[in-house]
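Let's take a friendly walk through a protein model together. Have the sequence and the 3D view ready, and follow along one stop at a time.

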Amino acid sequence: MSDSSIFAFFLPAMPGIMPERNAQRKPYYLVSLTCFPWRKSRAEHYWDMRHYRETISTYQNLANEPYHKSKQQWNDLDNSFAENRRGLITSMLLPALSASINAGVRGDAQHRTAQVAWAMHRYRAEHGEFPETLADLVPETLLMLPLDPFDGKSIKLKRTDDGWVVYSI
């Protein structure tokens with residue numbers, strides 16, 4: 001036997017994806033993970049899939065919480081991922097997922113600061129000057145102040161010599 005092995009496994013198809021299949025036979029997709037440079041047992045491959053599914057489930061549960069409340073759990077999950085043994089699938093997919101979550105939170109913060117900046121310019125157009133505090137924007141210009149996704153408090157406003165700075169921590 002060679003030093004590489006081919007691993008293929010079957011995943012049940014999602015209902016409605018393959019309607020042309022006979023209803024009495026369960027439809028399955030064949031997923032093949034090319035040649036591995038090392039020999040693994042079938043149990044190790046199933047462990048990898050199980051670990052991946054459990055981790056994805058944890059990611060989904062954390063994603064239902066506001067980031068500022070689950071930030072420590074995200075960090076703990078990333079640290080445990082870096083320290084614990086993982087398989088090929090988990091090693092390839094989870095780092096990209098973690099990076100996309102961080103990018104999504106940064107994007108939310110940018111969007112919310114842009115909302116406040118737009119509201120400040122609208123306030124200036126109506127009143128001739130920028131508001132002294134963000135509270136002046138509510139409820140006339142904004143229904144409520146957007147929350148900073150990193151700390152759960154409202155977006156910050158700071159006056160400088162050059163004007164105003166709207167920011168998220």
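We will visit a helix, then a pair of strands, and then a patch on the surface. Keep in mind that this is a predicted model.

Start by finding leucine 77, which has its place in helix H2, a stretch covering residues 67–83. Is leucine 77 buried or exposed? Its relative accessibility is 15%. Because buried means under 20% relative accessible area, leucine 77 counts as buried.

Which residues does leucine 77 touch, once we leave aside its neighbours within four places in sequence? Leucine 77 is in contact with Thr55, Thr58, Tyr59 and Leu62. Take the last of these partners: leucine 62 and leucine 77 are 15 residues apart in sequence, and their C-alpha atoms are 10.0 Å apart in space.

Now move along the chain to the strands. Strand E3 runs over residues 156–160 and strand E4 over residues 163–167, and the two pair in the antiparallel sense over 5 bridges. To see one of these pairings, look for lysine 158, whose bridge partner in E4 is valine 165. Together E3 and E4 form a hairpin, with 2 residues between them.

Stay with strand E4 a moment longer, since tyrosine 167 also lies there. With a relative accessibility of 32%, tyrosine 167 falls between the 20% and 50% cut-offs, so tyrosine 167 counts as partly exposed.

What kind of patch do Val165, Tyr167 and Ile169 form on the surface? The patch is nonpolar, and these residues together have about 250 Å² of accessible area. Valine 165, the bridge partner of lysine 158, thus turns up again in this surface patch.

How values were computed. Residues are numbered from 1 along each chain as its sequence is written. This is a predicted model: local features need pLDDT of at least 70, side-chain atom pairs count only at pLDDT 80 or more; totals for chains, interfaces and linings use all residues. Side-chain values use heavy atoms; hydrogens and water are left out. Two strands pair if DSSP finds at least two bridges between them. Helices (H or I, at least four residues) and strands (E, at least two) are DSSP runs, numbered from the N terminus. Buried means under 20% relative accessible area, exposed over 50%, partly exposed in between (1.4 Å probe, protein chains only). Contact means heavy atoms within 4.5 Å. Patches are made of residues with over 30% relative accessible area and no salt bridge: like charges are joined within 9 Å, nonpolar side chains (Val, Leu, Ile, Met, Phe, Trp, Tyr) within 5 Å. Accessible areas come from the Shrake-Rupley method with a 1.4 Å probe; for residues, only the protein chains shown count as cover. A salt bridge is a side-chain nitrogen of Lys or Arg within 4 Å of a carboxyl oxygen of Asp or Glu.
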